[in-house]
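Subject: Structure handover

Hello,

I am passing on the structure below, with notes on what was found in it. Please read them alongside the sequence.

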Amino acid sequence: MKKKKMTTAFGKPVGDDINSQTAGAKGPILVQDMHLVEKLSHFDRERIPERVVHAKGAGAYGYFEVTADITKYTKAAFLSKIGKKTDLFVRFSTVGGEKGSADAERDPRGFAIKFYTEEGNYDLVGNNTPVFFIRDPMKFPDFIHTQKRNPATNLKDPDMFWDFLSLTPESIHQVTILFSDRGTPATFRHMNGYSSHTYKWYNEKGEYVWVQYHFKTDQGSKTMTASEANAMCAKDPDHATRDLHESIEKGDYPSWTLEMQILTPEQAKDFRWDLFDITKVWPHSEVPPITIGKMVLNKNPENYFAEVEQSAFCPSNFVPGIAASPDKMLQGRIFSYHDTHIHRLGTNYQLIPVNMPKNAPELNYQRDGAMRVDNGGGSGPNYWPNSFGGPSPDESALEPPLPIEGSATEHAYALVDDDFVQAGNLYRNVMSDQDRANLIGNITGHLGGAQKRIQLRQAAIFYKADKDYGTRVAKGLGLDIAEVEKLAAMDQPERVKATAS
Ligand code: NDP
């Protein structure tokens, strides 16, 4: 093999990479030793800000293949033909933990996909849960603060965690999933991925439907019990990262089947649930999912930092045929992801190879900025409109208009008991006896660390979802059941007052 010569960052051959230049054998180091200066100052700048959420993750490349004709629903070119394949990159993650935290911690898992389509990159940035804790982005920074560390002690704090959730009853559905064993998936390969949000698909004629995506794992859904997960955190904090890498390395490629739930605007009018409330699912019996494709992961990244750490997904990255819905959490994320990547990676983050729209090169009049590493539009015009043959907008990329009415103000969701129904259905109708027993144990193990008044407030919320659920949590915590029942009978503002101190 030909010997490769080491060089400095500016390409000069390096003569010695062990000994610094000094004035005499025992003398001080010379500032003229540019190889040493460059090596140290580059090292000092190796870390970029870690993601505020989803800091710990693993990624892989693969493809998506269409298996059904869905052209009556969407004109997206990458979904236009049975058998059509599109390259993609996926990043799985935990949410609350820092970059070095354990993969087995109880947490939702991120499930982010970047499709490199011929009409630009389409990013679907979902989770392994079909719902979320809150439904207004105004609450998001507060919610995340409660899942992180106490500002005084720098410790995770059950009081912060449960105080916020018990003051935010719409979280009950996601809390029930998180504290079931689905909150500790066996690996990234053994979990489903959900869009969670509702999106809009529209066809060539401009007709639109509302959709939700369900990526069902072909490996089978597998979870860990709390004791298995705790043991895994201690044994191998990187177990899911390792599992993904090793299975792809040995040719055991993980795959997911994509099922869609689809509602026409007509069907949506009489639908029982608010389509744009991310704390709710669309029951399968009312909106049966249809299978439309398969995702396969078959290539590991070569360099973790370049490809996984610098990957940047934006729920705002749509292609013609797919668009946002009025889901408030989605609207908040549309701003926040792009903004966070500009902070973390710089204004030209979409030029980083893993983020580049490699099958539809960028053509516009955005210019310059830090780390503009391509030719930045070359000598072409840098304004629009121009009459020098620069790229021009194409009306066919416009999405069909969405009729909206009402007043512009801060609209609150009505405080109705709807928020407890689906959590109760999950507890009663979907979970097995063993699932329920594990759920209660997982909750009491964690909620037991919070103050008693917070335990009471949260137990009342479990009780509202299902009597048996609330009663077993209360028993597990040694709470007075009559007191929990009394709190459950109150409306939320009364309950908050009764448990204020
Ligand atoms: P179904 O009986 O038709 O479907 C139940 C779904 O629940 C399945 O997709 C299953 O996933 C999933 N599931 C099983 N155990 C758990 C768990 N511990 N945590 C979260 N999901 C689980 O029910 P419905 O559609 O009528 O919905 C009933 C409840 O099921 C909902 O209130 C919701 O909590 C939950 N659910 C519903 C989904 C939906 O989109 N309708 C999606 C996911 C959950 P799998 O097929 O992988 O086993």
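This is a predicted model. The ligand is a good place to begin. There are 18 residues around the ligand, and those that come nearest are His173, Arg182, Asn192, Trp282 and His284.

Two of these nearest residues also appear among the polar contacts. In the side chain of Arg182, an N or O atom is 3.0 Å from an oxygen atom of the ligand. For His284 the backbone is involved: one of its N or O atoms lies 2.7 Å from a ligand oxygen. Lys216 has a polar side-chain atom 3.1 Å from an oxygen atom of the ligand. On its own the ligand has 790 Å² of accessible area, and the protein covers 76% of that.

As for where the shell comes from, α4 (172–178), β7 (208–217) and α10 (418–430) each supply at least two residues. The most come from α10, which gives 3. At least three shell residues come from domain 1 (57–133 + 185–355), and at least three from domain 2 (139–167 + 415–501). By class, 9 residues of the shell are nonpolar, 7 are polar and 2 are charged.

A separate item is the pair of strands β3 and β4. Strand β3 (residues 109–117) runs antiparallel to β4, and the two pair over 8 bridges. A hairpin of 2 residues joins them. One of the bridges links Ile113 to Leu124 in β4. Strand β4 (residues 120–127) is mostly covered, with 8 of its 8 residues buried.

Regards

How values were computed. Residues numbered from 1 in each chain as written. Predicted model: local features only at pLDDT ≥ 70, side-chain atom pairs only at ≥ 80, totals over all residues. Heavy atoms only, no water. Near = heavy atom within 4 Å. Polar contact = N/O pair within 3.5 Å; in protein donor to acceptor, adjacent residues only side chain to side chain. Areas by Shrake-Rupley, 256 points an atom, 1.4 Å probe, with all protein chains shown as cover. Helix = DSSP H or I, 4+ residues; strand = E, 2+ residues; numbered from the N terminus. Nonpolar A, V, L, I, M, F, W, Y, C, P; charged D, E, K, R; others polar. Domains from an automatic or database assignment. Buried < 20%, exposed > 50% of the residue type's maximum accessible area, 1.4 Å probe, protein only. Pairing = 2+ DSSP bridges.
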